[in-house]
Amino acid sequence: MPARLAGVGKRYGGGGPVLTGVDLEVGTGEVVGIVGRNGSGKSTLLRILAGLSRPSAGTATRSGRVGYLPDRFPGASRMSARAYLKHMARISCVDDRAAELLERLELAGGPDTPIGRLSKGNAQKVGLAQALLGDPELLVLDEPWSGLDTVSHGVLGEIIAETRDRGASVVFTDHRPDLAHRQASRVLELSGGSLRPAHGHRRRIRLTGGTGDWAAEPGVHVENAENGHVDLSVDADRSDAVLLTALRRGWSVREVRE
Ligand SMILES: Nc1ncnc2c1ncn2[C@@H]1O[C@H](COP(=O)(O)OP(=O)(O)OP(=O)(O)O)[C@@H](O)[C@H]1O
């Protein structure tokens, strides 16, 4: 098991708890996405998972090499991307694959530009290259898509898939559930200090004029039912089946919204 959190709690100084009793097992070859609102504790959770911060309660264990991309990659360095990655490879005793990674991520300005002069997105690419050095068994990425352009989004998706395919595990955060569901094999939501499975993409369906109870229908939540119409919130991958059932039961479809 590449990483495991058991009953993890965290508070900073005299503040209230940020995490309370978080359990998480990251299996081999798994891609876990963690979503949650600003300040919900995602970065805190990832720092504990990567071994950079100690939990106030519970245990965090991991095996093998860990690659970590922080939420704000330090961008003020006068070192060039090439020199920084060479240095990181040397102190981590791994092959220097900086040139190959930066070429793949298309670092604008080239590998000899001081990191402090790179844009946010390009500095993020240097941080990502640093996390990938040494082919880690566990890749921990804090909001890796933030600041990346659409081409780089695609490259990052490929890198995550390749990491999974070589049997390593990935845990990332993002605040967009749709993106997380596209990229991850499992998506969890951090809310109120603990993790729970996150719902997938949902559609709103408004029906009118039929009969029958929707409450027992799998993947369907009745949001509103009055004046002869019902508003359903439906798992996107169930919406065609629900529409078919509705028509068979004599309902008319008034609206389908993303
Ligand atoms: N080093 C720290 N010292 C004190 N409080 C901290 C520290 N780091 C985070 N916090 C607090 O812990 C809470 C969770 O912060 P965290 O950065 O983990 O959330 P997040 O979900 O990653 O937020 P965002 O989506 O905005 O990046 C916040 O209230 C934050 O102010």
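**Stop 1: the sheet.** Start by selecting the strands of this predicted model. You should find 6 of them forming an open sheet, in the order S5-S6-S7-S3-S8-S9, with mixed pairing. The edges are S5 and S9 (194-197), each of which pairs on one side only. Turn the view a little and look for the twist, which averages 20° from one strand to the next.

Now pick out two strands from that sheet: S3 (residues 31-35) and S7 (residues 169-173). They pair in the parallel sense, over 4 bridges. For one pair to click on, take Ile34: the bridge partner of Ile34 in S7 is Thr173.

**Stop 2: helices on the sheet.** Keep S7 coloured and add H5. Helix H5 packs on the sheet and touches S3, S6 and S7, and its direction makes about 145° with that of S7. Then add H1, which lies across S3, S6, S7 and S8 (186-191). Against S7, helix H1 runs at about 155°.

**Stop 3: the ligand.** Stay with H1 and switch on the ligand. Which helix gives the largest share of the shell around the ligand? That's H1 (residues 42-49), with 3 residues. To see the whole shell, select Tyr12, Val18, Gly36, Asn38, Gly39, Ser40, Gly41, Lys42, Ser43, Thr44, Asp71 and His175. Colour them by type and you get 2 nonpolar, 8 polar and 2 charged residues.

**Stop 4: helix H4.** Next, select residues 120-132, which make up H4. This helix has 13 residues, and from its first C-alpha to its last it reaches 19 Å, close to the 18 Å expected at 1.5 Å a residue.

Is H4 largely enclosed or open? Count its buried residues: 11 of the 13 are buried, so the helix is largely enclosed by the rest of the structure. Among the buried ones are Asn122, Lys125, Val126, Leu128 and Leu132. What do the buried residues of H4 pack against? Show strands S5 (66-69) and S6 (138-141), together with helices H2 (81-91), H3 (98-104) and H5 (150-165), and you have their packing partners.

**Stop 5: just past H4.** Step off the end of the helix to Gly134, which takes a positive phi of about 80°. Then click on Asp135, in the loop between H4 and S6. Asp135 is not a glycine, yet it has a positive phi of about 45°. That's worth a pause, because most residues other than glycine have a negative phi. Asp135 counts as partly exposed because it has 16 C-beta neighbours inside 10 Å.

**Stop 6: the loop before H4.** Go back to the loop between H3 and H4, where you'll find Glu106. Glu106 isn't a glycine either, and its phi is positive, at about 50°. Is Glu106 buried or exposed? With 12 other C-beta atoms within 10 Å, Glu106 is exposed, since the cut-off for that is 12 or fewer.

Pro111 is in the loop between H3 and H4 too. It counts as partly exposed, with 19 C-beta neighbours inside 10 Å; being buried would take 20 or more. Show what Pro111 touches, leaving out residues up to four places away in sequence: Ser80, Ala81, Arg82, Ala98, Ala99 and Leu102.

To finish, draw a distance line from Pro111 to Val126. These two are 15 residues apart in sequence and 9.1 Å apart in space, C-alpha to C-alpha. Val126 takes you back to H4, as one of its buried residues.

Note on methods: Residues are numbered from 1 along each chain as its sequence is written. This is a predicted model: local features need pLDDT of at least 70, side-chain atom pairs count only at pLDDT 80 or more; totals for chains, interfaces and linings use all residues. A residue is near a molecule or strand if its C-beta atom, placed from the backbone, lies within 6 Å of it. Ala, Val, Leu, Ile, Met, Phe, Trp, Tyr, Cys and Pro count as nonpolar, Asp, Glu, Lys and Arg as charged, and the others, Gly among them, as polar. The expected span of a helix is 1.5 Å times one less than its number of residues. Two residues are in contact if their C-beta atoms, placed from the backbone, lie within 7 Å. Two strands pair if DSSP finds at least two bridges between them. Axes are lines fitted to C-alpha atoms, for helices over the stretch in contact, and angles run from 0 to 180 degrees between N-to-C directions.
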